[in-house]
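Please open the structure in a viewer and keep the sequence beside it. The tour below proceeds by selection, stating at each stop what is to be found there.

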Amino acid sequence: MAGGTARPERGSATREVILATAERLFAEHGVHAVSNRQISEAAGQGNSAAVGYHFGTKADLVRAIARRHADEMEQLRVWMVADAAGSTDVRDWVACLVRPFTRHLEAQGSPTWYARFRAQVMADPALYQITVEESLPSPSLRLLVDGLNRCLSDLPATVQKERWAMARHVIVHMCVERERALAEGATTLQSSWDDLASSLIDAIVGLWQAPVTPRP
């Protein structure tokens with residue numbers, strides 16, 4: 001019996017090592033610059049085909065990384081969205097958008113690579129679509145979007161769409177700045193992830209409430 005349980009446990013441990021290694025390499029070098037063979041070798045796998053065996057294609061590996069983080073952030077977001085239910089304050093909903101991301105990064109310890117991984121993936125339309133697909137099943141994210149959009153119902157739909165995109169980029173790339181600085185032992189703009197979250201919330205509330213220039 002002991003031997004029968006050891007193999008699945010070893011397989012699970014191997015998958016986790018590969019996921020962590022791939023995330024780091026993708027973050028540091030870019031998704032397309034890193035081969036499955038390089039990931040296998042960096043993860044200490046004697047079999048150069050280990051990534052393909054455990055995950056399939058590179059896109060499948062990106063999906064697995066995205067899913068792991070999406071699941072963990074969902075756990076953080078769900079209670080915040082429950083607290084914000086019924087609120088008409090834009091700030092309450094923006095906090096639900098920002099803080100699960102920063103708290104998740106803080107919980108990873110230091111260094112982290114997820115913000116840089118997200119930035120790399122966001123630059124590739126096909127890979128970015130994978131992360132979108134992984135977030136779609138999130139009940140709390142759907143409630144967040146609905147709650148914020150209700151607060152901003154006077155904004156034209158095209159402007160709402162633009163500002164959602166702006167908010168995503170601001171969150172990810174400011175987290176990249178802090179993540180990189182921490183990894184390099186450099187000075188950070190804020191003293192903590194919580195301080196960064198507060199700054200982001202201030203900025204994104206302003207972004208959402210900014211005036212709209214009339215368009216022809």
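Select α4 and helix α7 (residues 125-135) first: in this predicted model, the two helices pack at an angle of about 40 degrees, and their axes are 9 Å apart. The crossing that α4 and α7 form is right-handed. To see what makes the contact, display the side chains of A59, V62, R63, A66, R67 and A70 on α4. Facing them from α7 are L127, I130, T131, E133 and E134.

Remain on α7 and select A126, which has its place in this helix. Is A126 buried or exposed? With a relative accessibility of 56%, A126 counts as exposed, because the threshold for that class is over 50%. Now add A59 to the selection and draw a line between the two C-alpha atoms: A126 and A59 are 67 residues apart in sequence, yet the line spans 8.9 Å.

Return to α4, which covers residues 58-84, and select A64 within it. A64 has a relative accessibility of 15% and is therefore classed as buried, the limit being under 20%. Which residues does A64 touch, once its neighbours within four places in sequence are set aside? The contacts of A64 are with L19 and F55. Select I18 as well: the C-alpha atoms of A64 and I18 lie 11 Å apart, with a sequence separation of 46 residues.

Move next to α5 (90-107) and choose A107, a residue of that helix. A107 has a relative accessible area of 61% and is exposed. For a view across the model, select G46 together with A107: this pair is 61 residues apart in sequence, and 31 Å separates their C-alpha atoms.

Follow the chain into the loop between α5 and α6, where P111 is located. Show the backbone here, since a detail of the peptide geometry deserves attention. The peptide bond that runs from S110 to P111 is cis, and its omega is near 5 degrees.

Beyond this loop, select helix α6, residues 114-122. How many of the nine residues of α6 are buried? Eight of them are, so the helix is largely enclosed by the rest of the structure. For a closer view, colour the buried residues of α6: Y114, A115, R116, F117, R118, A119, V121 and M122.

Proceed to helix α10 (residues 193-209) and select L200, which is found there. At 3% relative accessibility, L200 counts as buried. Display the residues in contact with L200, leaving out those up to four places away in sequence: V98, T102, V170, I171, M174 and C175. One of these, C175, is 25 residues from L200 in sequence, and their C-alpha atoms are 9.5 Å apart.

Finally, clear the selections and show the whole protein. The protein contains 10 helices and zero strands, and the pattern read along the sequence is α-α-α-α-α-α-α-α-α-α. Rotate the C-alpha trace to view its principal axes, along which the protein spans about 60 × 40 × 40 Å. Colouring by burial applies the buried class to 42% of the 216 residues.

Turn on the surface: the accessible area of the protein is about 11300 Å², and carbon and sulfur atoms account for 55% of this area. Colouring by charge brings out 23 positive and 25 negative side chains, with the centres of the two sets 4 Å apart. A contact display completes the tour: of the contacts between residues at least 6 apart in sequence, 69% join residues at least 24 apart.

Terms used: Residues are numbered from 1 along each chain as its sequence is written. This is a predicted model: local features need pLDDT of at least 70, side-chain atom pairs count only at pLDDT 80 or more; totals for chains, interfaces and linings use all residues. Side-chain values use heavy atoms; hydrogens and water are left out. Helices (H or I, at least four residues) and strands (E, at least two) are DSSP runs, numbered from the N terminus. Buried means under 20% relative accessible area, exposed over 50%, partly exposed in between (1.4 Å probe, protein chains only). Contact means heavy atoms within 4.5 Å. Accessible areas come from the Shrake-Rupley method with a 1.4 Å probe; for residues, only the protein chains shown count as cover. Lys and Arg count as positive and Asp and Glu as negative; His and the chain ends are not counted. The place of a charge is taken as NZ of Lys, CZ of Arg, CG of Asp or CD of Glu. Axes are lines fitted to C-alpha atoms, for helices over the stretch in contact, and angles run from 0 to 180 degrees between N-to-C directions. A crossing is left-handed if the near helix is turned anticlockwise from the far one by less than a right angle, and right-handed if clockwise.
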